[in-house]
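Biologist: I have a new chain to look at and not much time. Can you walk me through it?
Modeller: Yes, ask away.

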Amino acid sequence: MRLILATAFAIPMGMAMLAAEPARIDFEDLADPAARAFVDPYLEMGPERLNDLRTVVRLGARLAEAELSPEDRQRLEVRRSDAEAALAVSGFDIAALLAQRWTVAQKRREAQIATNPLLEGAAVRLEGYLIPAGTGPDGRGIGYLVPVVGMCSHIPAPPPNELVRLYFEPERGTGSIYLPVSVTGTLRAEASDETIHLLDGMVRMQSLWRLDADTLVAEGPVPTARNTIVAQDPLEVRQAQEINQARSSSIGARKK
């Protein structure tokens, strides 16, 4: 099991906010560390064992159906037994994992929507990739900051509490998608929900942060952020390996 620990963020962040310069933050700082401090037993399973657990659940539901031929029933029972054996050999308790499924799903949901209260109204510096999203009624440019190139298009969007809706003066903006930028400004918790057009079509952008830019400078490269949980149900979560594969495919396609 892995204990998702709260980051040692409160003390240095509190000191930085007293300084004249904006506090340098990363995307993982945007989430409330207290909401992430829970035991998530599914994170240590790896893709193969998670697939085994999915198989056990899926085939259990199939076997509960009355209309199965004896041959089909036997075939499904063998597949389920193989998956159960693989989990047992690896030391996983199937009953305990399934008993925690929806509790973990709720905690993941809370971890994805809880914002860091220490950052409300803070002057910050944040580096990421810019997704332009047009112009607001007041003439200001609107965009979104994401931690990894390709997010929201080739790669799943970050959780709402790690997607930042950016407001900036038009002359500071750009029409280039996934431009690495460094932004300073005032950060506030503010919910927004917008559907915009990206490379792969229409994409819903759910953000819980607003950043009003004082400066917006194109610079990079931007270090990639840690992998985040992109599904609440543990049996539907995409593991880091799957995300990295999607990321590599996206980068490779752009290089061709």
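Modeller: A word on terms to begin with: helices and strands here are DSSP runs, with at least four residues for a helix and at least two for a strand, numbered from the N terminus. Keep in mind that this is a predicted model.
Biologist: How many helices and strands does the chain come to?
Modeller: The chain has six helices and eight strands. Along the sequence their pattern reads β-α-β-β-α-α-α-α-β-β-β-β-β-α.
Biologist: What share of the residues is buried?
Modeller: Of 256 residues, 44% count as buried. The accessible surface is about 13,000 Å², and carbon and sulfur atoms hold 53% of that surface.
Biologist: And the contacts, how much of them comes from residues 24 or more positions apart?
Modeller: Such residues make up 75% of the contacts with a separation of 6 or more.
Biologist: Let's take a helix. How many residues does α2 have, and how far does it reach?
Modeller: Helix α2 runs over residues 46-63, which is 18 residues. From first C-alpha to last it reaches 26 Å, close to the 26 Å expected at 1.5 Å a residue.
Biologist: Which residues of α2 are buried?
Modeller: R49, L50, D52, L53, R54, T55, V56, L59 and L63 are.
Biologist: What covers them?
Modeller: The cover includes α3 (70-89) and α4 (94-99).
Biologist: On to the core. Which residues touch the most other members of the largest nonpolar one?
Modeller: That core has 19 residues, and L145, V164, L166 and L187 touch the most other members. Strands β4 (122-135), β6 (164-168), β7 (179-198) and β8 (201-218) each supply at least two of its residues. There is also a second, separate core of 18 residues, which includes L163, Y178, I196 and L198.
Biologist: What does L187 touch?
Modeller: Leaving out residues up to four places away in sequence, the contacts of L187 include I25, L30, V164 and W209. E120 and R210 are also among them.
Biologist: You listed Y178 in the second core. Where does Y178 lie?
Modeller: Y178 is in the loop between β6 and β7. Its phi is near 60°, a positive value in a residue other than glycine.
Biologist: Why does Y178 count as buried?
Modeller: Because its relative accessibility is 8%, and buried means under 20%.
Biologist: Which residue in the loop between β5 and β6 has a positive phi?
Modeller: C152, with a phi of about 80°, although C152 is not a glycine. That loop joins β5 (141-146) to β6. C152 is buried too, at 5% relative accessible area.
Biologist: What does V146 in β5 touch?
Modeller: Apart from residues up to four places away in sequence, V146 touches F27, G128, Y129, I131, M151, C152, P158 and L163. V146 has a relative accessible area of 0%, so it is buried. Its C-alpha is 6.7 Å from that of L130, which is 16 residues away along the chain.
Biologist: Is R165 buried or exposed?
Modeller: R165 is buried, at 11% relative accessibility. It sits in strand β6, and its contacts beyond four places in sequence include Y144, E194, W209 and R210.
Biologist: R210 again. Which ring face does R210 lie over?
Modeller: R210 lies over the face of Y167, at 3.9 Å from the ring centre.
Biologist: Last one: how many aromatic pairs are there in the whole structure?
Modeller: Zero.

Note on methods
Residues are numbered from 1 along each chain as its sequence is written. This is a predicted model: local features need pLDDT of at least 70, side-chain atom pairs count only at pLDDT 80 or more; totals for chains, interfaces and linings use all residues. Side-chain values use heavy atoms; hydrogens and water are left out. Rings of Phe, Tyr and Trp (its six-membered ring) pair if their centres lie within 6.5 Å; planes under 30 degrees apart count as stacked, over 60 as edge-to-face and the rest as tilted. A charge sits over a ring if NZ of Lys or CZ of Arg is within 6 Å of the ring centre and within 35 degrees of the ring normal. The expected span of a helix is 1.5 Å times one less than its number of residues. Buried means under 20% relative accessible area, exposed over 50%, partly exposed in between (1.4 Å probe, protein chains only). Contact means heavy atoms within 4.5 Å. A nonpolar core is a set of buried Ala, Val, Leu, Ile, Met, Phe, Trp, Tyr and Cys residues joined through side-chain atoms within 4.5 Å. Accessible areas come from the Shrake-Rupley method with a 1.4 Å probe; for residues, only the protein chains shown count as cover.
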